[in-house]
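Here are some short exercises to work through with the model open beside you. Try each task before reading its solution.

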Amino acid sequence: FFAFILFRIISPTQYGVFSVLMGIAYVLANVLDFGTTATIYSYLPPLIEKSKKDTYIFIKTIFVYQTLFSLIIIAILFVTFPFLDKVFFKTNAPLWELYVTLISVLFFIWNNFFINILYASKKFLKANLYSLLANVVKAVIIIGFALVGRLYVGTVIFVFGIVGPMVFFILILYEKRERLNFFIKSKINKRHFRFKYTLTFFIATQFFNLASRMDLFLLSFFFPGSAQIGYYGSAQKIIFLTVTMAIVSITQVLSPQFSHLKTRDEVRHQVKTGFYYLIMPTGIFILLFLTPDIIFKLFFTEKYIKAAAITRALSIPYLISIVGNIPNLFVLYTIKKPVYILWTNIAFLAVVSIGYFLLIPRFGVIAPVYVLTLGFIVGTSITTIASIYEYKKLPSSPNLKG
């Protein structure tokens with residue numbers, strides 16, 4: 001819905017700037033996750049069943065450490081971000097838009113943290129209801145800015161990155177108001193941060209986060225100010241909205257289930273269930289590839305119609321990426337060895353970085369399609385091989401080993 005509005009209000013060039021700045025915000029939010037998402041899904045579900053007191057200590061510890069480390073990095077970026085934008089990102093955005101982008105990063109981090117806590121606690125309806133209400137507020141404000149002629153890149157980022165998360169926080173705080181005092185009085189125990197597991201996954205995710213946005217960054221570097229970046233950014237947004245979010249939602253539901261698995265029999269059953277769940281985003285990708293131009297025109301508008309061909313092309317590599325989600329869940333939450341994800345993402349970043357650098361100057365916005373296809377094939381192959389190796393080590397039943 002937001003994309004539907006923005007396509008009709010701002011130009012492809014402006015949308016290109018918006019895509020790059022929001023891409024930076026999302027990458028930073030994922031970087032400053034510090035691997036806590038995996039820690040939450042791996043250790044919180046069993047903890048909830050054992051001890052309410054330890055659960056609050058765990059949540060507070062993760063929140064305080066993540067916030068502290070994030071504030072340090074964001075403070076450094078407040079000084080260096082204008083220089084980075086000038087020499088690399090080349091958005092030419094005014095300073096206030098750059099600073100709003102940085103401030104929004106902290107709000108994205110907190111928003112993701114609380115959503116992960118709710119999902120790991122299996123409170124999916126509540127998490128999505130609060131997100132829906134926050135989105136309704138954002139929609140009203142965006143429309144209001146548009147009606148008075150004050151809808152700029154910076155105001156959109158402000159609404160998306162600050163206002164939306166604030167509404168989400170207010171809803172959670174109101175609903176949990178009776179437990180807030182208990183949370184505040186809980187102690188901080190660094191043991192719950194699980195530095196070895198968290199740090200390994202943190203490093204691994206940085207390689208993937210950087211790789212996932214390298215296409216936009218290098219397109220901006222090689223073609224600064226080009227409308228092509230807006231077309232690519234809008235196509236990427238459609239891919240993200242239609243399929244990637246569906247995959248994320250499904251894996252968030254499956255993650256707590258994978259954290260309880262102990263035997264090969266349990267793994268086989270859960271893997272089968274996981275593949276059934278992933279049929280939905282697979283079908284959406286196929287429909288997206290077959291969508292006629294007239295539908296794209298209704299959504300993109302005529303001025304963004306060039307994004308339709310890019311969207312169809314991008315659906316191919318992301319279709320391949322769906323397969324890799326099951327071995328990722330097994331490695332992270334069942335055997336709890338994020339080192340395999342680290343090696344996978346190093347390989348993925350190497351493939352896409354070299355590929356983009358060589359092919360984007362030659363093929364432009366279509367280059368990421370070829371590069372991502374190869375990158376996802378390499379990455380999925382590594383995690384699949386690692387999963388099969390580790391799966392064979394599990395006992396076949398609770399009473400048998402080997």
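**Getting started: a pocket lining**

Among the elements lining the second largest pocket, α4 gives the largest share, five residues. The model is predicted, so to speak plainly of its limits: local features need pLDDT of at least 70, side-chain atom pairs count only at pLDDT 80 or more, and totals for chains, interfaces and linings use all residues. Residues are numbered from 1 along each chain as its sequence is written, and side-chain values use heavy atoms, with hydrogens and water left out.

**Exercise 1.** Describe the second largest pocket and its lining.

*Step 1.* Take the volume: about 680 Å³. A pocket is an open set of points on a 1 Å grid over the protein atoms alone, where a 1.4 Å probe fits, with protein on both sides within 12 Å along at least five of seven lines; lining residues have an atom within 4 Å of a point.

*Step 2.* Find the centre. Of the 20 lining residues, Y56, I59, F114, I117 and K176 are the closest to it.

*Step 3.* Assign helices (DSSP runs of H or I, at least four residues). At least two lining residues come from each of α3 (36–50), α4 (52–89), α5 (95–120), α7 (153–175) and α8 (177–185).

*Step 4.* Sort by class: 14 nonpolar, two polar and four charged. Here Ala, Val, Leu, Ile, Met, Phe, Trp, Tyr, Cys and Pro are nonpolar, Asp, Glu, Lys and Arg are charged, and the others, Gly among them, are polar.

**Exercise 2.** Work out how α5 packs with α6 (residues 124–147).

*Step 1.* Their axes, lines fitted to C-alpha atoms over the stretch in contact, come within 7 Å and cross at roughly 150°. That makes the two helices roughly antiparallel (over 145 degrees).

*Step 2.* List the contacts (heavy atoms within 4.5 Å). From α5, I115, L118 and Y119 meet F124, K126, A127, N128 and S131 of α6.

*Step 3.* By class, this contact has five nonpolar, two polar and one charged residues.

**Exercise 3.** Is S104 buried or exposed, and which residues does S104 touch?

*Step 1.* Place S104 in α5. With a relative accessible area of 0%, S104 is buried (under 20%; exposed is over 50%, partly exposed in between, with a 1.4 Å probe and protein chains only).

*Step 2.* Leaving out residues up to four places away in sequence, S104 touches A25, I157, G161 and I162.

**Exercise 4.** Where does N92 lie, and what is its phi?

*Step 1.* N92 sits in the loop between α4 and α5, and at 72% relative accessibility N92 is exposed.

*Step 2.* Its phi is positive, about 60°, although N92 is not a glycine. Most residues other than glycine have a negative phi.

Notes. Points joined across faces, edges and corners; volume = space filled by probe spheres on them. Axes fitted to C-alpha atoms, helices over the stretch in contact; angles between N-to-C directions. Parallel < 35°, antiparallel > 145°, perpendicular 65-115°, else oblique.
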